[in-house]
There are 2 protein chains.
Amino acid sequence: MLLSGGLDSATCVAEAQAAGFAVYALSFRYGQRHSVELDCAQAMAQSLKVAEHRIIDIDLRQFGGSALTADIDVPKHDDVGDMVEGIPITYVPARNTIFLSYALAWAEVLEAQDIYIGVNALDYSGYPDCRPAFISAFQTMANLATQAGVEGEAPLTIHTPLLDMTKAQIITRGTELGIDYGGTISCYDPDENGAACGHCDSCLLRKKGFAEAGIPDPTRYAGAP
Amino acid sequence: MLLSGGLDSATCVAEAQAAGFAVYALSFRYGQRHSVELDCAQAMAQSLKVAEHRIIDIDLRQFGGSALTADIDVPKHDDVGDMVEGIPITYVPARNTIFLSYALAWAEVLEAQDIYIGVNALDYSGYPDCRPAFISAFQTMANLATQAGVEGEAPLTIHTPLLDMTKAQIITRGTELGIDYGGTISCYDPDENGAACGHCDSCLLRKKGFAEAGIPDPTRYAGAP
């Protein structure tokens, strides 16, 4: 299970546990400017009682090309309607491919046959590596990459329980499953105290999700009391 | 281009250059016990005048499960016929998937559309992630993972010029292209001076290749004068 510290992957852990899985959670220190998400990932792994949580050090900054890892400003807006069409500047090249490849390696060693990732095709349609066709192609490749595929064992499945849900549906579902979203962070550009900026694409989608779900938003925003 | 410091990837660089490409070479410090291969990769990158060479630090040891990264003995034999059938203990879980994912990230930033990997289906049929079906599935996935796939640009190609060649054919071809194989290392378990053990699977295949090609073997073996 890929665990980012955000709202989606926390919900994904709860979904996997509801389906009866013991969760082995994997997070990455990949040079993200918002490393507070790793603190959230650790706290969330603990509160959700995952079987094991590992943080892997990889440095995607060396390739450049993204506002999440390079010295490029994260775009800020007042409303979801102001978000840019197409692939956002916050896209990190091949990030989900790399993350899933590590998950595949660990799954092979654990002899696990199920990998969970909290991607969402609705809110993040601009990211190529969140599309259903990508996930499906990764699963096909993964089954050919590993011993499981060679030995004819039960094939690996990439689970994406949130793929077709709106942010409001995710929040509603996670709340039912007992997630405290106050312990998650979605902001692309939090301040040094871990408070959310409230104006990046991710903050706007999260705010809108809580509003539409009719659930109080527990997010700590910068400048709020 | 994935560059390991071995015989195959050196030949692969020369093949890509012969096809007119400027080569951006990528090597990995992945916790391999035979890290002398990185010295060879650097020297080879220099002598073949690649456009750029990067070494990425990743630690596959944390997942365990392979004689190449863990504290498991590398099997030794006297003859190719003694090699074990099936997946060797030197297989590193998901290694080529992870390596190719990094290559994909760098390719995307470079706006390169061609990735070379020196895998070989004949001599290494035991490794699931060297099979043609794996490479083909990775290419399909890669084209869905990236901006190129979204924007309808020319798709990425994973090139495997050595896929169907015997070790002898690879050595013959590389020699034609001017490779000095004395600067490469194939051994899974070299000594502290970088001399090859002469008895691991990789050494045996290499020896056999030079013998069959009728080309003098420039390998420095441990204990040889």
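In chain A, residues 24 or more positions apart account for 70% of the contacts with a separation of 6 or more. The model is a predicted one. Of the 225 residues of chain A, 52% count as buried.

Chain A contains seven helices and four strands. Following the sequence, these elements come in the pattern α-β-α-β-α-β-α-α-β-α-α. The pattern therefore ends with two helices, with the α and β symbols standing for helices and strands.

A starting point for the interior is the largest nonpolar core, which has 124 residues. Within this core, A:Met1 and B:Met1 touch the most other members. Which residues does A:Met1 touch, leaving aside those up to four places away in sequence? They are A:Cys12, A:Val13, A:Ala16, A:Val23, A:Tyr24, A:Ala25, A:Leu26 and A:Tyr116.

The next topic is the packing of helices. Two packed helices are described by the angle between their axes and the distance between the axes. In chain A, helix H6 spans residues 167–176 and helix H7 spans residues 201–213. Their axes come within 7 Å and cross at roughly 65°. The crossing of H6(A) and H7(A) is right-handed. On the H6(A) side, the residues that meet H7(A) are A:Lys167, A:Ala168, A:Ile170, A:Ile171 and A:Thr172. Their partners in H7(A) are A:Leu205, A:Arg206, A:Lys208, A:Gly209, A:Phe210, A:Glu212 and A:Ala213. Sorted by class, this contact has six nonpolar, two polar and four charged residues.

Chain B can be read in a similar way. Helix H6 (residues 167–176) of chain B packs against helix H7 (residues 201–213) of chain B at an angle of about 65°, and the axes are 7 Å apart. The crossing of H6(B) and H7(B) is right-handed. Residues of H6(B) in this contact include B:Ile170 and B:Ile171, while those of H7(B) include B:Leu205 and B:Phe210. By class, six residues of the contact are nonpolar, two are polar and four are charged.

Back in chain A, A:Asp217 lies in the segment after H7. Why does A:Asp217 count as partly exposed? There are 17 other C-beta atoms within 10 Å of A:Asp217, and a residue is buried at 20 or more and exposed at 12 or fewer, so A:Asp217 falls in between. Not counting residues up to four places away in sequence, A:Asp217 touches A:Lys207 and A:Phe210. A:Phe210 is also one of the H7(A) residues that meet H6(A). A:Lys207 is ten residues from A:Asp217 in sequence, and their C-alpha atoms are 7.0 Å apart in space.

Notes
Residues numbered from 1 in each chain as written. Chains lettered and ligands numbered in written order. Predicted model: local features only at pLDDT ≥ 70, side-chain atom pairs only at ≥ 80, totals over all residues. Core = buried A, V, L, I, M, F, W, Y, C linked by C-beta atoms within 7 Å. Contact = placed C-beta atoms within 7 Å. Axes fitted to C-alpha atoms, helices over the stretch in contact; angles between N-to-C directions. Left-handed = near helix turned anticlockwise from the far one by under 90°. Nonpolar A, V, L, I, M, F, W, Y, C, P; charged D, E, K, R; others polar.
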